[in-house]
Amino acid sequence: MSLENDLLLRVARGEKTERPPVWVMRQAGRILSEYRATRAKAGSFIGLVKNPELAAEVTIQPVDILGVDAAIIFSDILVVPEAMGLPYQMDEGKGPFFPKTIQTMEDVTALNQSNIEDHLTYVTEAIHNTLHGLQGRVPLIGFAGAPWTIFCYMVEGKGSKEFSLARKMLIQQPMLAQSLLTKITDATIVYMNAQINAGIHLFQLFDSWAGVLNAELYEKMILPHVSRIINAAPKNIPTTFFAKGGYYAAKSIQKLSCNVIGLDWNMEAQWAKDHFADKTLQGNLDPAILYGSDDSIRLATEKMLSDFKGHPHIANLGHGVYPDIDPKKLKIFIETIQKS
Ligand code: CP3
């Protein structure tokens, strides 16, 4: 099906467009009362993730309500460890929790590697339903967590500021760490291709905890896995790599064959244009700006647009929208971009 609005895909390929497309990380989430109502119907966050009809419904909500130029499939990066045999819980206000974690080679060996896609049919079904519901209005983004970020949760078992247990394994047991990273990478490639076969238009890899590593570790131990995933995507599907806090590894991130680089709000536009000259850039308004006045949001958004002017740019926040942001404020951000 041809797309009514394909701004995202044209910019991702580096083409000049009439204006930058805009979507927002966590656009399908708690900021929308409609999302909270659908989640209540599903019973829980995981119940919603696993319900292909309701997951499609919340995926489409931000397109209808906020008018964004792309949808992102409603799911979570933690569905991959679950498919590998490590189930997670999501407790309101506490974030993800894994009752069982990976500590030894036996734990890695026991992980499931076969039929990963069969454990994730609820996602591919949600993609089918979403494409049907969207009727070609905007492109649909698929995603997965990058190997390091998934590793962090599988080893640590929950969120953390420093992920020191995960980093300890990388340093003290590099062979064990590499076996786990390789298994995560293999599963992620299968999962990515299942999403692509189901019809997503662009694939984004989230390395949310890149910021806790250092250049040498990231380049030697992590990026080869990222590269393997990106290289496994068919060339007709654009890819985005978002390494939050990964500015220190820009030189080697630049060498990845992805089309788009996601930027957090600490990464300056000029710095990004210089370091990623041949890539489309995505981001990067500080999500906290949306706590400000309407005028201050307009001003900051216009400044962001002018900072990226002349370079292929997908407008977004520098990380997910905070759940207590008023959707009206987010709408000001979106409309400022769409009027530009
Ligand atoms: O709209 C979208 O962006 C698509 C949906 C999406 C979710 N998670 C839904 C979700 C996406 C792309 C993710 C990715 C994800 N999940 C990441 C990478 C992106 C990032 O934010 O850095 C990470 C690290 C996770 C793991 C995870 N899931 C965390 C840390 C949390 C937060 C827990 C909390 O209470 O805030 C989640 C839960 C989660 N995933 C929510 C949503 C909408 C919030 C729970 C809810 O609304 O019920």
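The following exercises, each with a worked solution, concern a predicted model.

**Exercise 1. Determine the order of the strands in the open sheet and identify its edge strands.**

Step 1. The open sheet has seven strands, and their order is β1-β4-β5-β6-β7-β8-β9. The pairing is parallel.

Step 2. An edge strand pairs on one side only. The edge strands here are β1, residues 71-72, and β9, residues 313-317.

**Exercise 2. Follow the pairing from β1 to β7, and state how many bridges join β1 to β4, β4 to β5, β5 to β6 and β6 to β7.**

Step 1. Begin at β1, which pairs with β4 in the parallel sense over two bridges. Ala-71 has Leu-140 as its bridge partner in β4.

Step 2. Proceed to β4 and β5, which run parallel and are joined by five bridges. Here the bridge partner of Gly-145 is Phe-206 in β5.

Step 3. Strand β5 covers residues 202-207, and five bridges join this strand to β6, again in parallel. Leu-205 has Phe-241 of β6 as its bridge partner.

Step 4. Strand β6 (residues 239-243) is paired with β7 (residues 260-262) through three bridges, in the parallel sense. Within this pair, Thr-240 stands opposite Val-260 of β7.

**Exercise 3. Decide which residues of β4 and of β6 point one way and which point the other way, and whether they are buried or exposed.**

Step 1. Consider β4, residues 140-145. Leu-140, Gly-142 and Ala-144 point one way, while Ile-141, Phe-143 and Gly-145 point the other way.

Step 2. Count the buried residues of β4: six of its six residues are buried, and the strand is mostly covered.

Step 3. Consider β6 in the same manner. Thr-239, Phe-241 and Ala-243 point one way, and Thr-240 and Phe-242 point the other way. Five of the five residues of β6 are buried.

**Exercise 4. Describe the position of helix α14 with respect to β8 and β9.**

Step 1. Helix α14 comprises residues 294-308, and β8 comprises residues 280-285.

Step 2. The helix lies across β8 and β9, and runs at about 155° to β8.

**Exercise 5. Characterise the largest cavity by volume, lining and residue class.**

Step 1. Rolling a probe the size of a water molecule over the atoms shows where empty space is left. A search of the whole structure finds one cavity of 30 Å³ or more. The largest cavity has a volume of about 60 Å³.

Step 2. Among the residues that line the largest cavity are Phe-241, Ala-243, Ala-250, Ile-253, Ile-261 and Gly-262. The elements that give two or more residues to this lining are β6, α12 (250-253) and β7.

Step 3. Sorted by class, the lining of the largest cavity has nine nonpolar residues, two polar residues and no charged residues.

**Exercise 6. Describe the largest pocket and the second largest pocket by volume, lining and residue class.**

Step 1. The largest pocket holds about 1,200 Å³ of space, and 36 residues line it. Arg-26, Arg-30, Phe-45, Asp-76 and Met-90 lie nearest the centre of this pocket. The elements that give two or more residues to its lining are α2 (33-42), β2 (89-91) and β3 (95-97).

Step 2. The lining of the largest pocket divides into 21 nonpolar, eight polar and seven charged residues.

Step 3. The second largest pocket holds about 390 Å³ of space, and 17 residues line it. Nearest its centre lie Thr-17, Pro-20, Lys-309, Gly-310 and His-311. Helix α14 provides the largest share of this lining, with three residues.

Step 4. The lining of the second largest pocket has five nonpolar, seven polar and five charged residues.

**Exercise 7. Explain why Thr-124 and Cys-152 count as buried, and list their contacts beyond four places in sequence.**

Step 1. The cut-off for a buried residue is a relative accessible area under 20%.

Step 2. Thr-124 lies in helix α7, residues 121-134. Its relative accessibility is 15%, and therefore Thr-124 counts as buried. Thr-124 touches Ala-194, Gln-195 and Ala-198, leaving out residues up to four places away in sequence.

Step 3. Cys-152 is found in helix α8, residues 147-156. Cys-152 is buried because its relative accessible area is 0%. Apart from neighbours within four places in sequence, Cys-152 is in contact with Gly-157, Phe-163, Ala-166 and Trp-209.

Conventions
Residues are numbered from 1 along each chain as its sequence is written. This is a predicted model: local features need pLDDT of at least 70, side-chain atom pairs count only at pLDDT 80 or more; totals for chains, interfaces and linings use all residues. Side-chain values use heavy atoms; hydrogens and water are left out. Two strands pair if DSSP finds at least two bridges between them. Helices (H or I, at least four residues) and strands (E, at least two) are DSSP runs, numbered from the N terminus. Contact means heavy atoms within 4.5 Å. Axes are lines fitted to C-alpha atoms, for helices over the stretch in contact, and angles run from 0 to 180 degrees between N-to-C directions. On a 1 Å grid over the protein atoms alone, a cavity is a set of points where a 1.4 Å probe fits but cannot get out, and a pocket is an open set with protein on both sides within 12 Å along at least five of seven lines; lining residues have an atom within 4 Å of a point. Grid points are joined across faces, edges and corners, and a volume is the space filled by probe spheres set on the points. Ala, Val, Leu, Ile, Met, Phe, Trp, Tyr, Cys and Pro count as nonpolar, Asp, Glu, Lys and Arg as charged, and the others, Gly among them, as polar. Buried means under 20% relative accessible area, exposed over 50%, partly exposed in between (1.4 Å probe, protein chains only).
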